[in-house]
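The following exercises concern a predicted model. Please work through each task before reading its solution.

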Protein chains: 2
Amino acid sequence: MGDRPAQIVAAARELLECGGPEAVTMRAIADRLGIRAPSLYKHLPDKAAVEAALQAEGLAVLADMLEEAEAGLGGEPPLPVLAEVFRRFALENPHLYRITGRPLARESLPEGLEARAAMPLVRAVGGDPDLARAVWAFAHGMVILELDSRFPPGADLAGAWRAGCTAFAAYAVGGASGSGATLRARAQST
Amino acid sequence: MGDRPAQIVAAARELLECGGPEAVTMRAIADRLGIRAPSLYKHLPDKAAVEAALQAEGLAVLADMLEEAEAGLGGEPPLPVLAEVFRRFALENPHLYRITGRPLARESLPEGLEARAAMPLVRAVGGDPDLARAVWAFAHGMVILELDSRFPPGADLAGAWRAGCTAFAAYAVGGASGSGATLRARAQST
DNA sequence: TCTTGCTAGCTAACAGCGTTAGCCTTAGAG
DNA sequence: CTCTAAGGCTAACGCTGTTAGCTAGCAAGA
């Protein structure tokens, strides 16, 4: 009964969520399935395969959340909403996010998943790939620095997010809505 | 003869640079010093101490480079220059940069080092801490995504850097130098 | 019906990791 | 001359991922 590979990944995910990356051990996975570690290798080539599967899972969840948020926004500016969703995903699944953000085993990832996760952001900035990459880097940086407690304790992270989103939004719209000064004033009041 | 702790850190750094983080092994460090691994514990409490020292070293090098760049710029806008230096540091010392960007053992870091590395950036954006953090996140994100090969092969990273710097510079100057559209035009031509 | 072969488990083991316990040699101080 | 402490050493422990080789059960073919 049951699809062993899927069970293995599910067990790994549970371990990851309770105990962090170092709790994801071949022996611990096997324990959870009531078998011994070497038996796992009848279903998987190595531990990297488990990690790749977790990576894909994380990416898929993120893509789902971003697409849902994108669909749900009316006329409001997309960038702050997507940023909020992005951050929420990371804070709610910190270990999964870190896995997702590892060197990335492209060849063992479902075809097109990476692009799917990226598209909402690209659309939000009007299709400019340079800008999309810059925004992605900003969001990833904010999240990873927060997860790693690299910001000084008590730093106003919401303010930093606001500053970044405002700056990028202004660049995206090409200045149609006013000068940087008014944008900055608007950011303060939000 | 010689300061064993310093020798240990130096050996660790050499190992890190040739073989990456997983080459930094207590046994490998000891080998390089002509002693056995357990003897290291006469000089250090554990491996985390070595990593903390490497982290401090990386942070210090980065701070030096940023400060030097800051001193060397005439009237030109600081952000792109600092960004370039930041990126160069990361690409020239990829493993060290990754170590530097780990959860960070604050208490075992030299007093004020973290602030020293951050200050050039804060000054470059005119003292706004929110903006400084956003820019830092952007730079860190760009670098870590590049190191992890997360950008699609062939992506124009220089363009992404330019987009980010331009957007943040516009936000920083408060729109005194014109609309987003002109800024974007300027970015293309640089 | 008997045999064959595959699936999926098992135990034992290996190499490498960080780390601890305990021994021994050497150098310097009283 | 003795005592102490520093800094080496070996042996070992528990952990990791992983391999080799054995075996119970089951399904298909002769």
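**Exercise 1.** Determine how the surface near DNA strand D divides by residue class, and which residues come nearest to the strand.

*Solution.* Begin with the classes: the surface near DNA strand D has six nonpolar, four polar and seven charged residues. Next, consider proximity. Around DNA strand D there are 17 residues, of which Thr25(A), Arg27(A), Tyr41(A), Lys47(A) and Arg36(B) come nearest.

**Exercise 2.** Establish which parts of DNA strand D lie within 4 Å of the protein, and identify polar contacts to phosphate and base.

*Solution.* First, sort the atoms of DNA strand D within 4 Å of the protein: 52% belong to sugar or phosphate, and the rest belong to bases. Second, examine the phosphate. A polar backbone atom of Met26(A) is 3.1 Å from a phosphate oxygen of DNA strand D. From chain B, His43(B) places a polar side-chain atom 3.1 Å from a phosphate oxygen of the strand. Third, turn to the bases: an N or O atom in the side chain of Arg27(A) is 2.8 Å from a base nitrogen of DNA strand D.

**Exercise 3.** Describe the interface of chain B and chain A by its residues, its buried area and its polar pairs.

*Solution.* Step one is the residue count: chain B gives 43 residues to the contact and chain A gives 43 residues. Step two is the area. The two chains bury about 3700 Å² between them, with 62% of it on carbon and sulfur atoms. Step three concerns specific pairs: the rule finds zero salt bridges across this interface, but four residue pairs in polar contact. Finally, locate the elements on the side of chain B that touches chain A. Helices H7 (129-147), H8 (157-173) and H9 (180-189) of chain B each supply at least two residues, and H7(B) provides the largest share, twelve residues. By class, this side of chain B has 21 nonpolar, twelve polar and ten charged residues.

Terms used:
Residues numbered from 1 in each chain as written. Chains lettered and ligands numbered in written order. Predicted model: local features only at pLDDT ≥ 70, side-chain atom pairs only at ≥ 80, totals over all residues. Heavy atoms only, no water. Near = heavy atom within 4 Å. Polar contact = N/O pair within 3.5 Å; in protein donor to acceptor, adjacent residues only side chain to side chain. Nonpolar A, V, L, I, M, F, W, Y, C, P; charged D, E, K, R; others polar. Contact = heavy atoms within 4.5 Å. Buried area = accessible area lost by both parts, 1.4 Å probe. Salt bridge = Lys/Arg side-chain N within 4 Å of Asp/Glu carboxyl O. Helix = DSSP H or I, 4+ residues; strand = E, 2+ residues; numbered from the N terminus.
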